[in-house]
Amino acid sequence: MSTSNGTPAVQTKDVWKIYPQEPNPVKAVRGVSLEIESGDFVAMAGPSGSGKTTVLNLLGGLTRPTEGSIEIGGLEITAMPDKALARLRLERIGFVFQAYNLLPVLTAMENAEFTLLLRGVPASERHERVRVLFDQMGLEGLEDRFPGKLSGGQQQRVAVARAVVGEPALVLADEPTANLDSVASAALLDVMERLNREHGTTFVFSTHDPRVTERARRLITLVDGEISTDVRQNHETAGA
């Protein structure tokens, strides 16, 4: 579900992330200020070490900024207590990691249901919501397979299902196509575009993959922890 009433999905003001290190601290993110509209489809690109993954982790509350402020759906998260921040992540943010992060002892369905389980959603409702999503994502018939028996593309689609099944307002995806071939990448991006279009879910990607950046409606380029360019791309709908 998207953020209503015109509130930005994400807003940062002069955000810095500095890691102590001898002899010189590492300034991973330097004064990043940005606003992302609800329902947007945004790619953050840049070379390795540019700070794009760090920015993504800051937006998701997985790491805290050294300076500056971050709001998610109008809620200031910078100084939010750990417990409240964990609850916000559970209820409002979906994560898609490059390494999938599926639990090997759980089936595909159990992995996809995991967020709903943590929320206390009844089993019958969890099963139904995941089945519908699996049908839409081409995962039908794979519900009882363990991650080790799935291809890379299938594992990543299960990870996406886990991220979106709870209908978060915001999905943060870190290099989601990095381990996929062109066919699997296209299929995964098709799914994300449909979720964005039909449910108004805001997507923010960290990527260096042109297959992702060319579909984004907005392309933000980071260099040495700073925003180098921020361009609204020339298509009405992602992938159009």
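**Notebook: pockets and sheets**

I began with the second largest pocket, whose lining counts 12 residues, with L133, V164, V165, E167 and H199 lying nearest its centre. The model is a predicted one. Two elements, α4 (123–136) and α6 (182–199), each give two or more residues to the lining of this second largest pocket. I noted that α4 supplies the largest share there, four residues. Sorted by class, the lining of the second largest pocket holds seven nonpolar, three polar and two charged residues. I recorded about 190 Å³ of space for the second largest pocket.

**Entry: the largest pocket**

I then turned to the largest pocket, which holds about 400 Å³ of space. I found 19 residues in its lining, and those nearest the centre are I93, F95, F97, T115 and R162. The elements contributing two or more residues to this lining are α2 (82–92), β6 (93–96), α3 (108–119) and α5 (152–164). Which element gives the largest share of the lining of the largest pocket? I found that it is α3, with five residues. By class, I listed 11 nonpolar, five polar and three charged residues for the lining of the largest pocket.

**Entry: the six-stranded sheet**

I traced an open sheet of six strands in the order β6-β7-β8-β3-β9-β10, and its pairing is mixed. Its edge strands are β6 and β10 (226–232), each of which pairs on one side only. From one strand to the next I noted an average twist of 15°.

Within this sheet I looked up the pairing of β3 (residues 41–45) with β9 (residues 218–223), which is parallel and runs over four bridges. V42 has R218 in β9 as its bridge partner. Helix α1 packs on the sheet and touches β3, β6, β7 (170–174), β8 (202–207) and β9. The direction of α1 makes about 150° with that of β8. I also followed α5, which lies across β6, β7 and β8 and runs at about 170° to β6. Both β6 and α5 had already appeared among the elements lining the largest pocket.

**Entry: the four-stranded sheet**

I next examined an open sheet of four strands, ordered β2-β1-β4-β5 and paired in the antiparallel sense. Why do β2 (26–36) and β5 (75–76) each have one side without a neighbour in the sheet? Both stand at the edges and each has a single partner strand, so one side of each is left without a neighbour in the sheet.

The partner strands β1 (residues 10–19) and β2 pair in the antiparallel sense over seven bridges. In this pairing I located V15 opposite V32 of β2. Helix α1 (residues 52–59) packs on this sheet, touching β1, β2 and β4 (67–72). I noted that the direction of α1 makes about 120° with that of β1.

**Entry: T63**

Lastly I looked up T63, which is found in the loop between α1 and β4. Which residue's side chain makes a polar contact with the side chain of T63? The side chain of K17 does, at 3.4 Å. Leaving aside residues up to four places away in sequence, I listed K17, Y19, T54, N57 and L58 as touched by T63. Of these, K17 and Y19 can be placed in β1, whose residues are 10–19, while T54, N57 and L58 can be placed in α1, whose residues are 52–59.

Methods: Residues are numbered from 1 along each chain as its sequence is written. This is a predicted model: local features need pLDDT of at least 70, side-chain atom pairs count only at pLDDT 80 or more; totals for chains, interfaces and linings use all residues. Side-chain values use heavy atoms; hydrogens and water are left out. Two strands pair if DSSP finds at least two bridges between them. Contact means heavy atoms within 4.5 Å. Axes are lines fitted to C-alpha atoms, for helices over the stretch in contact, and angles run from 0 to 180 degrees between N-to-C directions. On a 1 Å grid over the protein atoms alone, a cavity is a set of points where a 1.4 Å probe fits but cannot get out, and a pocket is an open set with protein on both sides within 12 Å along at least five of seven lines; lining residues have an atom within 4 Å of a point. Grid points are joined across faces, edges and corners, and a volume is the space filled by probe spheres set on the points. Ala, Val, Leu, Ile, Met, Phe, Trp, Tyr, Cys and Pro count as nonpolar, Asp, Glu, Lys and Arg as charged, and the others, Gly among them, as polar. A polar contact is a pair of N or O atoms within 3.5 Å; within protein, one must be able to donate a hydrogen and the other to accept it, and residues adjacent in sequence count only if both atoms are side-chain atoms.
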